[in-house]
Amino acid sequence: MTIKRVNHTGISVSDMERSLGFYRDLLGMELIFDSDVPANEPLSNVVGMNSAAGRVAWLRAGDTMIELWQWDTPAGRPLPDDYVPADKGVTHYAFEVDDVDALYQKVVEAGYHANIEPQDLGLHKTTYIKGPDNEIIEILEDRATDEWLQELTEASRQNRAGA
């Protein structure tokens with residue numbers, strides 16, 4: 001048994017049309033599937049929710065997919081306003097882009113929140129933005145190589161060991 005890759009990231013949304021406007025129209029992801037899903041026992045069992053029903057859309061950028069779910073039942077809770085990356089669980093996902101400054105500008109001009117303009121952190125140039133349901137999205141230009149990451153990992157190990 002080997003994990004081959006991350007197939008997709010699931011995002012629960014409150015308004016599918018608004019989220020499609022963000023992910024498909026603003027960010028340019030390709031809509032490849034959009035379906036209403038009636039309540040059914042197999043789905044309810046898999047997701048662990050009674051009478052699970054809603055609308056699902058799959059969007060693709062390169063070899064990455066996201067899955068948007070607008071659940072009709074059961075009703076979900078919104079992310080708290082003070083939700084931050086230090087909270088436990090999955091706290092953000094990242095889109096690698098070829099021009100982080102241009103996408104940042106486009107997102108901000110469309111009225112979405114960004115913490116700060118893109119910053120050069122060495123391994124990548126990055127910033128965090130918030131999507132339609134307050135979900136945290138990192139947009140970045142990646143520069144990391146496996147060799148560079150291995151060097152940084154080894155240096156951190158040595159520092160933790162007090163060497």
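**Exercise 1.** In this predicted model, decide whether W69 is buried or exposed.

Solution. The relative accessibility of W69 is 12%. Buried means under 20% relative accessible area. W69 therefore counts as buried.

**Exercise 2.** State how many aromatic pairs there are, and classify the pair formed by W69 and W71.

Solution. Ring centres must lie within 6.5 Å to pair. The count by this rule is five aromatic pairs. For W69 and W71, the ring centres are 4.0 Å apart and the planes are at 5 degrees. Planes under 30 degrees apart count as stacked, so this pair is stacked. Elsewhere, one aromatic cluster is formed by F22, Y23 and Y112.

**Exercise 3.** Describe the setting of S44: which helix holds it, is it buried or exposed, and which residues does it touch?

Solution. S44 belongs to helix α2, residues 41-47. With a relative accessible area of 10%, S44 is buried. Leaving out residues up to four places away in sequence, S44 touches M49, N50, S51 and A52.

**Exercise 4.** Give the strand order of the open four-stranded sheet, and explain why β5 and β6 each have one side without a neighbour.

Solution. The order is β5-β8-β7-β6, with mixed pairing. β5 (93-96) and β6 (119-120) are at the edges and have a single partner strand each, so one side of each lacks a neighbour in the sheet. β5 runs parallel to β8 (residues 136-142), and four bridges join the two. Opposite A94 stands E138 in β8. Helix α3 (residues 100-109) lies across β7 (124-130) and β8, at about 155 degrees to β8.

Conventions
Residues numbered from 1 in each chain as written. Predicted model: local features only at pLDDT ≥ 70, side-chain atom pairs only at ≥ 80, totals over all residues. Heavy atoms only, no water. Pairing = 2+ DSSP bridges. Contact = heavy atoms within 4.5 Å. Axes fitted to C-alpha atoms, helices over the stretch in contact; angles between N-to-C directions. Phe/Tyr/Trp six-rings, centres within 6.5 Å; stacked < 30°, edge-to-face > 60°. Buried < 20%, exposed > 50% of the residue type's maximum accessible area, 1.4 Å probe, protein only.
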